[in-house]
Amino acid sequence: MRYTQNQQQNQGICSETAAKMDLLLEHHQAGSRITLIGMGANVGMTMAKGMAGVYFHSSALLADAAHSLSDILGDVVTLYTFRKSRKPADLTHPYGYGRYEALGTLFVSAFLVAAGVGIGTHAFEHVLRFLPDLFAATVSSGVAESAREILGSVVGGSSEVATNGGGSSLLSLGHDHNHAATHTVDAAGSVVVDPRAIWFAIGSIAINEALFQATMKVGRRTNSDVLVANAWHHRSDALTSLVSVGAIAGAIVGFPILDAIGGLVVSIMLAKSGLSMATDAVREITDTPPSSQLTDSVSDALAAVCDDIEEVKGVDRVRCRKSGPFVHVSVNLLFAPDETAAAVERAADMVRSELRKKLDYVQTVEINTTTK
């Protein structure tokens, strides 16, 4: 079908604008709602873990409650930048506020990297603590004790660190993800795990995994990088709680080193995800061109639109700039030398309108014209 009527053009622009507004409103409501749900869940987990920590006299659960409290800051950043990025363009921000979302993604990604470093540091510390005991299985107790004293001095400046399951050292820096079990000490001085602690870890896994799935679904539907980053933040909490379950179960069956091994694996996963999202956010903030896949999809859509417009003879130099959930497009359209200025302007407006209808993430289309 060929578009050549002004009436068709005006009707298309009106319907496209109304549809855009409805979609933005729906996305705004969905993103805000899931972030507020996550914030409420973190408040609830902070209170539950805090009270349980006091009741069981568990410093680990109290530290976990402090961790959940710190997660609320990530939710606040996500909510603010998500809403800000959806504001319409104005005189101070002629291209809109989309890059506020990139700033939010960078901030939340930093939380993920910090979580990975914290878990990895804590896991490495535990590996050092377990090495003397493993070494003791094959060498004399005197040599093992010497090894314990040496490793203890490396970890915390004292041989007590090597045998103290509840303490912390200078290696435990930053975001502490210690989900160790509630414990008591028996007459022989051995650590006895309280199996009831495992239910708090299991509950945390269920809640955070549900938040991950729901937030990721909304993030992908709304094309929101900051929601995706916050979803991975929820997943990081679920993974650390999963390590906690492994630690408790390992301690019960006599293999506490499972905690350290699992912690190292999780730390690598979280740090890798955080760095990847942070890199994408920095690329967007510094105006680095988006992926070729995005540019190709815009080019294909432009070609399909221009095939239906008689005056346009070709498409050249398609460029894209990503701004949060939106994309700004610049394109050069080719016209016949004898085409009138009015016809060229009308065709350009139609291309702009049809492209924005076809790709809902396209916010602005800058069109340059040349003759073919």
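## Sheet, helices and cores in a predicted model

R321 stands opposite H328 in β4. This pair belongs to a predicted model, and the report starts from the strands around it.

**The sheet**

Strand β3 covers residues 312–323 and strand β4 covers residues 326–335; the two pair in the antiparallel sense over 9 bridges. They form a hairpin with 2 residues between the strands, and in it G324 takes a positive phi near 65°. On the other pairing, β4 and β5 run parallel and are joined by 9 bridges. Here F335 stands opposite T371 in β5.

Taken together, 3 strands make an open sheet in the order β3-β4-β5, with mixed pairing. β3 and β5 are the edge strands, each pairing on one side only. From one strand to the next the twist averages 20°. Strands of a sheet pair through backbone hydrogen bonds, in either the parallel or the antiparallel sense.

**Helices on the sheet**

Two helices lie across these strands. α8 lies across β3 and β4 and runs at about 145° to β3. α9 lies across β3, β4 and β5, at about 150° to β5.

α8 and α9 also pack against each other, at an angle of about 130° and with their axes 10 Å apart. What does that angle make of the pair? α8 and α9 are oblique to each other, because an angle counts as oblique when it falls outside the ranges under 35, 65 to 115 and over 145 degrees. Their crossing is right-handed. From α8, the contact uses V298, A301, L302, A304, V305 and C306; from α9, it uses V351, E354, L355 and K358.

**Nonpolar cores**

The largest nonpolar core has 26 residues. Which residues have the most contacts inside it? They are V298, L302, V312, V329, L333, V351 and L355. At least two residues of this core come from each of α8, β3, β4, α9 (341–358) and β5 (362–371). Among the residues with the most core contacts, V298 and L302 of α8 and V351 and L355 of α9 also take part in the contact between the two helices.

L333 shows how these parts meet. Leaving aside neighbours within four places in sequence, L333 is in contact with C306, V312, G314, V315, A348, V351, I367, N368, T369 and T370. A second, separate core has 14 residues, including L112, F212, V266 and L270.

**Positive phi outside glycine**

Two loop residues that are not glycine have a positive phi. N223 is found in the loop between α5 (197–221) and α6 (225–253), and its phi is about 55°. D287 is found in the loop between α7 (257–285) and α8 (292–307), and its phi is near 65°. The table sets the two side by side.

| Residue | Loop | Phi | Relative accessible area |
|---|---|---|---|
| N223 | α5 to α6 | about 55° | 34% |
| D287 | α7 to α8 | near 65° | 40% |

Are these residues buried, partly exposed or exposed? N223 is partly exposed, because its relative accessible area of 34% lies between the limits of 20% and 50%. D287, with a relative accessible area of 40%, is therefore partly exposed as well.

Notes
Residues are numbered from 1 along each chain as its sequence is written. This is a predicted model: local features need pLDDT of at least 70, side-chain atom pairs count only at pLDDT 80 or more; totals for chains, interfaces and linings use all residues. Side-chain values use heavy atoms; hydrogens and water are left out. Two strands pair if DSSP finds at least two bridges between them. Helices (H or I, at least four residues) and strands (E, at least two) are DSSP runs, numbered from the N terminus. Buried means under 20% relative accessible area, exposed over 50%, partly exposed in between (1.4 Å probe, protein chains only). A nonpolar core is a set of buried Ala, Val, Leu, Ile, Met, Phe, Trp, Tyr and Cys residues joined through side-chain atoms within 4.5 Å. Contact means heavy atoms within 4.5 Å. Axes are lines fitted to C-alpha atoms, for helices over the stretch in contact, and angles run from 0 to 180 degrees between N-to-C directions. A crossing is left-handed if the near helix is turned anticlockwise from the far one by less than a right angle, and right-handed if clockwise.
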